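Please look at the sequence and the structure shown here, and keep both at hand while reading the report below.

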Amino acid sequence: MKMIYHIPWIYLPVRTALAIWHQLTKSEIPELAKASVLIRDRSRVEETIQAMQRAGPDALQVISDFDMTLSRFAHNGKRCPTTHNILDNDLLINDASKKMIRELLNRYYPIEIDATRTVEEKLPHMVEWWTSVHELLIQQKIRRDLLAQAVKQSSAMLREGYKVFFDRLQEQQVPLLIFSAGLGDILEEVIRQNHVFHPNVHVISNYMDFDQSGVLRAFKGQLIHTFNKREGALLHAAHFRELQERPNVLLLGDSLGDLTMADGVVHTQHTLTIGFLNDQVEERKESYVNSYDIVLVKDESMDVPNAILNYITTAPAK
């Protein structure tokens, strides 16, 4: 793929721009030179990172997807489960339901990542998928008291370097909004068991509604799926209003639908988007590079987000 280097020469001499980028990649953020990193507009990325550092951590908020963004896509060549897949456990659902959920995955996941279909074409399929799975889970009368055990028994993993990421945000008092189309109850249990459910973490997701005996009876609120996060963001406008003094956004996702997660932010100044390209790389590379500021190809670590976060939240040398 031909990479585009856009240098705003009217405002900044080419040599100066390249020198600053060289400094960022070679000394201050060497992780940006990793082979897994793709960047279309390097000068814009450099300018955004520099501006966000000058504004400091008090002006920053982080918005991130969860499944396959904060959590791993694969480990040792084997797929890791999403928050929905964690419920594929004998404790919670029977074999017939497991089979049906897997069949739904095999039917709808290829549609979700199909680079030849528009979002509008995918939308009804995503609603069908999520609704069907949730109906199956309700039929199984899942018990709340068994969720923690199911998470513990699962092969779910957060990305390498997750603790540095969560702890740095907490230390710098930077709010982290986890915006997930997965299952909020499971998501919270995963980060709780990994000891990173800090007070600065806020979650928007699909939450289970249990009856008085702790049995699943429904799902709360509006359904959140991969491609309707903009609507979800606007529904949670109150959360973003509370953070209106933080106009800079670091956004992490693994689908093009995740790019709308910040649509509820009031008066953004600088936004830097990082996309994890986990699957169907060649088919989707162009659209990801054209949409995200930084694309990480088959990178199961938090190395790049951590390096950028560390740079942004460290006071510039005087």
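The report below treats two helix pairs and then one residue in a loop.

This is a predicted model, in which local features need pLDDT of at least 70 and side-chain atom pairs count only at pLDDT 80 or more, while totals for chains, interfaces and linings use all residues. Residues are numbered from 1 along each chain as its sequence is written, and side-chain values use heavy atoms, with hydrogens and water left out.

Two packed helices are described by the angle between their axes and the distance between the axes.

| Helix pair | Angle | Axis distance |
|---|---|---|
| α2 (residues 42-55) and α11 (residues 303-312) | about 45° | 8 Å |
| α3 (residues 95-112) and α4 (residues 119-139) | roughly 165° | within 10 Å |

The angle makes α2 oblique to α11, a word for angles that are not under 35 degrees, not over 145 and not 65 to 115. In this pair, Ile-49, Gln-50, Met-52 and Gln-53 of α2 are in contact (heavy atoms within 4.5 Å) with Ile-308, Tyr-311 and Ile-312 of α11.

By contrast in topic, α3 and α4 are roughly antiparallel to each other, a term for angles over 145 degrees. Their contact involves residues including Leu-104 and Tyr-108 of α3 and Trp-129 and Leu-136 of α4.

Glu-300 lies in the loop between β11 (294-297) and α11. With 18% relative accessibility, Glu-300 counts as buried, which means under 20% relative accessible area with a 1.4 Å probe and protein chains only. Not counting residues up to four places away in sequence, Glu-300 touches Arg-72, Phe-73, Ala-74, Arg-159 and Glu-160.

Technical notes
Axes are lines fitted to C-alpha atoms, for helices over the stretch in contact, and angles run from 0 to 180 degrees between N-to-C directions. Helices (H or I, at least four residues) and strands (E, at least two) are DSSP runs, numbered from the N terminus. Buried means under 20% relative accessible area, exposed over 50%, partly exposed in between (1.4 Å probe, protein chains only).
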